[in-house]
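Please walk me through this structure step by step, beginning with its sheet and then turning to what surrounds it.

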Amino acid sequence: MRLLIFIFLSLILFSCYDKPANTSDESFKEEMKEREIKKVSDGAIIEAAMQRGNIIADSAQKLLGSSLKKAIAEGGVQNAVKYCNLAAYPIMDSIESHFGVEVKRASLKVRNPEDNPDELEKQLLEAYQYQIDIDDKLSANIQRDGEEYLLYTKPITIENALCLKCHGEVGKYLKEEDYQLIKTLYPHDNAVGHQMGDLRGMWSIRISKKEIIKNL
């Protein structure tokens, strides 16, 4: 049974390698025409999308991480919480604009409702959680998301004790007074109680296949 579950989850994570279904959609026809001209293979598209996704996710992680560390250094956890509430999504918007993609941090335990996963993202988060449960190695993945987009995902795990000051167990890692501020800013917060190594969420980046092909 465990083997069957693992196989099912593996199929979810690697579904992008299936051949595209037949469709009369004009954008699909345009993509096929572009690919025929350039002789672009599925493998080349996946590899290019993976490389682009890695660059975007790493850049976003570093930018947000350095900004939060600076906010904590300047005014502690409460200052970081306030900063994140005001600045996190403008930072994400700037990343989207710069790279021309859709960027999201999806999670099964959200703080900001905008991080709620759609159905595909939920399946992938559950698959990552299963990999953690069986002590399997996590890695970034590419999925087919309709005919026009590829969905790059990369798991976010708690590897720094500093993260527990905002997402750890209340009263142990997360101070009561800091948690009260979090609840004020995020009334429906569910992003606490984490331990080191837990899955915090994942980067979810939708990349246009057309743009990938154009740049190959």
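In what order do the strands of the open sheet lie, and with what pairing? In this predicted model, the open sheet is built from four strands in the order β1-β4-β3-β2, and the pairing is antiparallel. The edges are formed by β1, which covers 102-106, and by β2, which covers 141-145, each of them pairing on one side only. From one strand to the next, the twist averages 25°.

It helps to follow the pairings of β4. Strand β4, made of residues 199-208, pairs in the antiparallel sense with strand β3, made of residues 149-157, and nine bridges connect the two. Two positions show how these strands are aligned: T157 stands opposite L199 in β4, while L151 stands opposite R206 in β4. Strand β4 is also joined to β1, which runs antiparallel to β4 and is linked with β4 by five bridges, and in this pairing V103 is the residue that stands opposite I205 in β4.

A helix completes this part of the picture. Helix α4, which spans residues 119-133, packs on the sheet and touches β1, β2, β3 and β4, and its direction makes about 135° with that of β4.

Why can β4 be described as largely enclosed by the rest of the structure? The reason lies in its residues, because ten of the ten residues of β4 are buried, where buried means under 20% relative accessible area. Strand β4 thus appears in each part of this account: β4 pairs with β3 over nine bridges, five bridges join β4 to β1, and helix α4 touches β4 as it packs on the sheet.

Key:
Residues numbered from 1 in each chain as written. Predicted model: local features only at pLDDT ≥ 70, side-chain atom pairs only at ≥ 80, totals over all residues. Heavy atoms only, no water. Pairing = 2+ DSSP bridges. Axes fitted to C-alpha atoms, helices over the stretch in contact; angles between N-to-C directions. Contact = heavy atoms within 4.5 Å. Buried < 20%, exposed > 50% of the residue type's maximum accessible area, 1.4 Å probe, protein only.
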